[in-house]
Each structure stands twice: as structure tokens, then as C-alpha cells.
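User: Please take a close look at the ring contacts in this model, then set them against the rest of what can be said about it. Distances and angles are welcome.

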Protein chains: 2
Amino acid sequence: MSGPSGAHGRIQSPDSGRPVARATMKDVAALAGVSLKTVSRVVNREAGVSPAVRERVEHAASRLDYSHNVHASNLRRANSRTGTVGALLQDVSNSFSASLLRTLEDVARAQQTAVLAASLDEEEGREIALVRGLVARRVDGLVLMPATSRHEYLASELRAGLPTVFVDRLPHGVDADSVTVDNVLGSRHAVEHLVRHGHRRIALLLDLGTIQTAQDRLRGCREAMDAAGIPDDDRVEVQNLRTSDAAEAAVRGFYRGGPSPTAIFAGRNDLAIGAVRALRSLGLSHRVAVIGFDDFPLADLLEPALTVVRQNVGQIGAEVGRLLFARIAGDTSPPRRVVIEPTLVVRGSGEIRPT
Amino acid sequence: MSGPSGAHGRIQSPDSGRPVARATMKDVAALAGVSLKTVSRVVNREAGVSPAVRERVEHAASRLDYSHNVHASNLRRANSRTGTVGALLQDVSNSFSASLLRTLEDVARAQQTAVLAASLDEEEGREIALVRGLVARRVDGLVLMPATSRHEYLASELRAGLPTVFVDRLPHGVDADSVTVDNVLGSRHAVEHLVRHGHRRIALLLDLGTIQTAQDRLRGCREAMDAAGIPDDDRVEVQNLRTSDAAEAAVRGFYRGGPSPTAIFAGRNDLAIGAVRALRSLGLSHRVAVIGFDDFPLADLLEPALTVVRQNVGQIGAEVGRLLFARIAGDTSPPRRVVIEPTLVVRGSGEIRPT
DNA sequence: TCGTCCCGTGACAACGTTGTCAGGACGATT
DNA sequence: AATCGTCCTGACAACGTTGTCACGGGACGA
């Protein structure tokens with residue numbers, strides 16, 4: 001088949017196995033004995049090519065392992081799409097971002113579109129640099145779970161018509177589509193749930209105070225506590241927890257003496273995991289109530305199973321995909337703000353009563 | 001700032017807020033009163049532009065929200081890189097693929113490279129189509145956790161010099177770099193561990209028989225059983241389990257009568273989870289031993305904590321990244337096969353003795 | 001004063017593709 | 001037989017960028 005006798009110099013280098021430039025339409029045209037334009041017609045399945053010529057061109061193309069260059073094609077075409085969208089998420093390896101990416105990918109694939117994925121790790125500079133990179137690659141759309149708190153830097157892109165959907169966090173300083181969860185509501189419900197089960201001394205574990213969702217969750221908790229008339233003395237708020245380990249350490253600290261919380265609300269899933277670890281090692285898993293924000297795999301298999309506020313990732317992702325591709329398809333209606341209501345998933349850990 | 005008086009017709013459409021074509025170097029050149037080439041020089045930070053001109057060009061560029069078009073640039077450049085690699089994984093939302101993606105992303109970012117990620121879900125057609133798409137996008141490299149069992153279809157790309165690294169599964173029919181785990185060894189160790197704890201009647205839960213890793217894991221188990229002289233009657237092999245639910249159902253089946261296994265080896269992490277669910281609901285969690293292949297978050301928090309064969313994802317990802325970018329940088333040494341030894345992580349569930 | 005060199009700048013072609021248009025062959029129509 | 005229309009094909013320019021080369025002018029040495 002691909003014997004060493006191949007003589008179409010461009011692809012198979014005669015002796016060395018070194019890579020050689022890819023065949024272009026010109027090469028195919030030469031081999032098939034037709035013009036460039038005819039090859040283009042065949043490749044794009046345009047009408048008006050005789051079967052015989054089409055056959056000859058296809059044969060030549062496959063003989064040369066011709067692969068269409070979409071970048072050159074897009075450059076020339078009028079209303080070109082690159083068939084690529086960007087997704088800048090918090091961290092593609094955490095289960096929330098990963099599930100979101102997956103749902104988005106499924107929507108994108110249905111539109112013949114590939115997804116460039118990257119993690120921001122709450123680093124503002126990274127976000128700016130990555131957006132620049134995506135724009136330079138002329139992505140058709142952008143999904144952004146921002147690390148920044150102000151988004152004016154996106155104004156020119158939005159003006160230029162870059163379809164952009166914010167997810168999990170709202171845009172500030174620019175107007176764009178967004179799909180977020182009602183964090184205030186979700187955490188208020190969680191704390192109300194704890195209060196209803198008799199808790200007064202409730203500890204809150206929260207992420208960086210600069211992150212909008214963390215702020216909202218804190219606000220929801222405070223609203224519920226205010227409504228329940230819980231005095232400041234009974235409130236424990238630990239902010240700026242970035243990792244599971246940090247949460248674990250914080251929770252250990254609670255039980256080293258003094259009046260200790262009978263319930264814990266963890267404002268992010270890995271903080272809940274840290275809390276569970278701490279309680280487990282202190283032998284308190286069945287004595288201190290825990291509710292986490294954001295469900296995760298296996299939360300139901302813990303002992304006790306973890307009660308959580310669940311954000312429906314599938315719904316979020318689908319909503320993001322719908323919005324994004326509607327914009328890409330030309331929808332120019334005013335930006336939409338989709339807010340999804342989280343639900344409390346009762347599993348056991350949140351229903352433990354204070355001792 | 002961006003008042004409606006803006007008069008540089010190309011970007012800001014006068015009345016409608018409709019998106020308008022992006023500014024090109026030509027526009028910048030016109031506004032700055034210089035030639036195209038000079039703009040190119042400034043944009044690419046080439047030497048030999050007087051500070052005054054440079055300043056003028058930069059000002060014009062920012063006024064027009066100019067964004068460099070890397071596709072046009074790459075088209076023209078000699079040894080162009082697109083600064084994009086593709087990662088075709090089993091499912092970006094499962095923790096193994098997601099972690100791998102993340103590690104790869106980190107390596108890629110260090111090389112100014114973006115990652116196109118997609119999930120194959122064991123669908124062969126999808127793999128072929130996605131590879132074609134990535135090649136058409138002229139990715140600089142490809143990471144592949146293949147769904148197919150034969151890879152001849154990649155031969156022409158490899159010949160054309162597309163850097164490709166197989167991960168988790170070996171290439172068949174072509175020669176390429178790979179990073180895999182010694183599945184035979186890992187599962188043999190797991191079963192040996194169970195045998196050492198007194199088990200004879202051991203059930204195996206396995207993925208599709210067409211998947212290489214599943215085959216290898218089965219082989220490892222059988223080797224250990226053969227060595228231990230376990231009779232066929234004591235062996236229970238359930239193959240073609242695709243989901244956690246399927247595994248759960250299978251395990252439930254074991255305990256509906258007849259001689260039931262005293263230990264379970266689950267050949268994939270979600271199969272282990274299914275097994276744990278089943279045992280939990282049957283009240284057997286502390287009576288039947290379980291070992292899973294592939295670690296996952298929270299395995300240590302289960303009750304009992306899950307003993308697993310761990311594949312070091314960080315190491316795998318780093319290895320993949322190293323190989324890939326070495327190839328991209330021009331390394332043409334013969335393909336390498338990196339095999340990583342998995343380790344048994346003892347946590348409790350695998351040390352339960354038969355009753 | 002002249003020639004040389006260097007520096008900053010621009011004209012032009014080219015990357016791989018597609019849109020536009022024109023032309024040739026051929027059968028059908030008058 | 002001349003005319004027309006249809007069908008197939010190709011020449012050429014253009015997309016946005018960069019590599020090559022050439023040009024004009026000022027500094028410098030002879």
C-alpha cells in the first residue's frame with residue numbers, strides 16, 4: 001500500500017523518516033490534474049463537479065493524506081466560525097467545573113464545535129491572559145467562571161460581538177448573559193434547616209471574601225441567623241478558606257475548648273469534606289451537624305450521609321450551552337440573567353440535633 | 001470614555017449596536033499612518049522601530065481594540081505552531097480524566113499552549129471524528145485515551161509528524177508514545193492481598209471486555225487466582241459493566257442465595273462505588289472485603305475506608321505532558337512506552353476477613 | 001566632498017483557502 | 001447553421017498576516 005516507492009515527494013520524504021510539510025490543495029490539484037478550485041469544490045462537497053473528476057480528486061486527496069486546513073478556510077470565508085469555544089472554569093479537575101465542562105462539551109459537539117478548556121484557580125491575571133489568548137484564537141464564544149471581580153476589560157470584546165456567558169458568578173461592569181445559582185437563598189435554607197433542628201451555635205466555613213459566591217453564601221447565612229435571632233456570640237465565621245485542609249484545621253480549632261459549635265455550614269464542597277474529616281477524627285461525626293454547599297459524588301455514601309445544598313450542574317450547563325449557542329447563532333436580544341434555585345438534599349448529617 | 005462619538009467606522013457601528021468586523025492590522029496602519037509591516041513589527045515586538053512610531057502604533061491599536069489574529073499569523077509563518085493541543089479522554093467529568101486533563105493543562109500553559117478537551121465515552125466513531133477535527137485545526141499535539149482498539153487510522157498523521165501520546169491504553173497497529181499503568185500487576189496485587197487475608201471466593205467486576213485495560217485487569221486477577229489455586233467454582237467474573245448502577249445490581253445478585261463471594265475486586269472506580277452501595281444497603285459493608293482499581297476523592301472517608309489500587313494521576317499527567325512537549329519541541333527519538341506501577345493503598349475495606 | 005554603512009520604514013509576495021467571474025464544450029432550439 | 005443555455009472547469013483576487021528585499025536619509029570616515 002504505502003510502499004517506499006511513493007513518489008509524490010511532498011509527504012513521504014525519500015529516506016529520513018522526518019516529518020514533512022502537509023499536502024495542500026495545490027498538491028492534490030496537481031496530482032489529480034485539475035485546478036485548485038475544483039479540489040476546493042470537491043472538499044466542500046459543492047455541486048457542479050462531474051463524478052469522474054470528483055473521484056479522481058478524492059483519490060488524489062486520500063493518496064496524499066490531505067487534511068483540510070480550517071484556519072486557512074476560515075480566513076478566506078465570509079462569515080467564518082472557528083468552530084471553537086472557550087471555557088474558563090475555576091478548576092477543571094473539581095467535580096463542579098468538570099461536570100459543567102462535560103455538559104457544555106455535549107452541547108458544543110452537537111454544533112460541531114470543540115471546547116478549549118482552562119482553569120483559573122481564582123487568579124485574575126490568568127483570566128485576563130487566557131481571555132486574550134482565546135480572542136486571538138478567534139473563538140466563537142466564551143464561557144467564563146470569572147476569577148476577577150470587575151469585568152470592564154471584556155467590554156471591547158463584547159462590543160465586537162463575542163458571545164459570552166458568565167457562569168456561577170455575575171458580570172460586573174459589563175452587561176452579559178449569566179447563569180448563576182441563588183446562593184443567598186441556598187445558604188439561607190441551609191441555616192434555617194439547622195436552626196429548625198435546634199441549633200443556635202453554628203459555624204460557617206467560607207471561601208475567599210473576594211469571591212462573589214462566597215459573599216452571597218455568607219449573606220444568606222446571616223439573614224437566616226438574624227431571622228432566628230441568634231446572638232453574635234453564637235456565630236462563628238471563618239473566611240478565606242481555600243482548601244480542604246484549611247477547613248479541617250479550622251474545624252479542629254473549634255473543639256479545642258470553649259463553647260463549640262453544634263453545627264457547621266460549609267460554603268464549598270471541599271470545605272465540607274475537610275469538616276467531615278475533622279469531625280471524623282475527633283469522633284464527632286454523629287454529634288455535630290454538617291451541611292455543605294454543592295453536592296459531590298459519594299456525599300450520600302459518607303457516614304452519616306452528607307446533607308447538602310445542591311446546584312443542579314446538568315441544568316446549569318445546559319442553560320449555559322443554550323444561551324451561548326443562541327448568541328453564536330445570532331441572537332441579539334438583551335442579555336439574560338438565568339438564576340437557578342438550589343435545593344436542599346436531606347441525607348442525615350444536617351439533621352443531627354445538638355447535644 | 002467610549003462615547004457614541006467614536007468615529008473610526010470599522011469597530012463601532014454608528015447607530016445599531018450590532019457587532020462589526022474586527023479591526024485588522026491594515027486599520028491600525030491607516031490610523032497610525034504607517035505601513036502594514038510596521039504594525040506587524042510593533043505587534044511582534046520586533047526590533048528596529050523608532051519609539052515614536054511604536055508609540056503611535058500602540059495607541060492606534062488600543063484605540064481600535066485590535067486583537068492579533070493568530071490563525072492568519074500561523075498561516076504565514078514558517079514553522080508555525082497553533083499553540084493548541086488536543087486531549088481526547090474517556091470522560092472529562094470522571095475524576096481520573098479530569099485530573100489528567102488538569103495536569104496536562106498545567107504543563108501546556110507553561111508552554112503557552114491551550115488544550116482542546118473532549119470525551120469519547122468509549123465510542124469509536126467519536127474518536128475518529130474528533131481526531132479528524134483536531135487535525136483540521138492543526139493542533140500541535142494529541143493526547144489520546146483511545147476508545148478504539150486498532151489505531152491504523154492514525155498512521156498518516158503520525159507519519160506527517162503529529163506528536164501523539166497514548167495514555168492509559170497502548171497503541172495498536174501504530175507506533176507511538178504511551179503512558180500506561182501496569183494493570184496486570186495492580187490487579188494481581190489486589191487479588192493477592194485478598195487471598196492473603198483468607199479469601200477464596202472472590203468476585204470480579206469488570207468493564208467492557210473490549211477495553212484493553214479491563215482485559216489486563218482481568219488477566220492480573222486470574223494470574224493471582226491461578227497462583228493461589230482457587231478453583232473455578234469459587235470464581236465469579238462479571239464483565240461488561242458500564243455504570244455504577246450496573247455494578248450495584250450485579251453485587252446485589254451475589255447475595256440472593258447460593259454461595260456468595262466474601263470479597264469483591266472492582267476493576268474501575270465507579271464499579272467499586274456501586275459495590276459499596278450494594279453492600280451498604282445489604283448491611284454487608286463490614287463483612288465483605290472490597291478493593292477498587294483507581295483511587296478517587298473521598299475513598300478514605302467511606303466506612304470502612306476503601307482499599308484501592310492507585311494510579312498516580314499526577315505522575316501520569318506529568319509524564320504525558322513531558323513526552324508530548326518534547327515531541328513538539330522536535331524530539332524524534334523512537335517512541336517510548338512509559339509504564340507506571342500502581343500501588344495498593346490499604347485503608348480497611350480490603351482487609352476484612354471472610355466470615 | 002564623496003562613498004559607505006546603518007537604521008527605520010515600506011512594497012510586495014506568499015501562506016492555504018474560497019468567492020467571483022469568465023470561458024469552453026455540448027446538446028437543444030430556432 | 002446559427003444561437004442559446006447549461007454544465008463543468010479554471011484564472012484570479014482576496015482573507016490577515018509575515019519574510020524578503022529595497023529604498024531614503026543621516027552619521028561617519030577618508
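Analyst: A charge is taken to sit over a ring if NZ of Lys or CZ of Arg is within 6 Å of the ring centre and within 35 degrees of the ring normal. The model is predicted. In chain B, the charged end of B:R217 sits over the ring of B:F293, at 3.8 Å from the ring centre. In chain A, the charged end of A:R217 sits over the ring of A:F293, and the distance to the ring centre is 3.8 Å.

The ring of B:F293 has an aromatic partner as well. A search of the whole structure gives four aromatic pairs over all chains. In one of them B:F265 and B:F293 meet edge-to-face, with 6.4 Å between centres and 90° between planes. B:F265 belongs to strand 8 (residues 263–266) of chain B and B:F293 to strand 9 (residues 289–293) of chain B, so this pair ties together parts 28 residues apart in sequence. B:F265 and B:F293 are both buried. B:F293 therefore takes part in an aromatic pair with B:F265 and has the charged end of B:R217 over its ring.

Another of the pairs is in chain A. A:F254 and A:Y255 are edge-to-face, with centres 6.2 Å apart and planes at 70°. A:F254 is buried, and A:Y255 is buried too.

The cysteines can be dealt with briefly. The disulfide count over all chains is zero. A:C221 is classed as buried because its relative accessibility is 0%. B:C221 is buried as well, at a relative accessible area of 0%.

The rest concerns the DNA, beginning with strand D. DNA strand D is surrounded by 26 residues, and the closest are A:T38, A:V53, A:R76, B:S40 and B:Y66. By class, these residues near DNA strand D are nine nonpolar, ten polar and seven charged. Sugar or phosphate makes up 61% of the strand D atoms within 4 Å of the protein, and bases make up the rest. Among the polar contacts to the backbone of the strand, a polar backbone atom of A:S50 is 2.9 Å from a phosphate oxygen of DNA strand D. An N or O atom in the side chain of B:R77 lies 3.4 Å from a phosphate oxygen of DNA strand D. On the base side, a base nitrogen of DNA strand D is 3.4 Å from a backbone N or O atom of B:A72. Helix 2 (36–43) and helix 4 (70–76) of chain A, and helix 2 (36–43) and helix 4 (70–76) of chain B, are the elements giving two or more residues to this surface. Helix 4 of chain B gives the most, with four residues.

DNA strand C is surrounded by 25 residues, and the closest are A:S40, A:Y66, B:T38, B:V53 and B:R76. Of the strand C atoms that come within 4 Å of the protein, 59% belong to sugar and phosphate. The residues near DNA strand C are eight nonpolar, ten polar and seven charged. A polar backbone atom of A:M25 is 2.6 Å from a phosphate oxygen of DNA strand C. Side chains of chain A reach bases of the strand: a polar side-chain atom of A:K37 is 2.8 Å from a base nitrogen of DNA strand C, and a side-chain N or O atom of A:R76 is 3.0 Å from a base oxygen of DNA strand C. Helix 2 and helix 4 of chain A and helix 2 and helix 4 of chain B each supply at least two residues of the surface near DNA strand C.

Conventions: Residues numbered from 1 in each chain as written. Chains lettered and ligands numbered in written order. Predicted model: local features only at pLDDT ≥ 70, side-chain atom pairs only at ≥ 80, totals over all residues. Heavy atoms only, no water. Near = heavy atom within 4 Å. Polar contact = N/O pair within 3.5 Å; in protein donor to acceptor, adjacent residues only side chain to side chain. Nonpolar A, V, L, I, M, F, W, Y, C, P; charged D, E, K, R; others polar. Disulfide = S-S within 2.5 Å. Buried < 20%, exposed > 50% of the residue type's maximum accessible area, 1.4 Å probe, protein only. Phe/Tyr/Trp six-rings, centres within 6.5 Å; stacked < 30°, edge-to-face > 60°.
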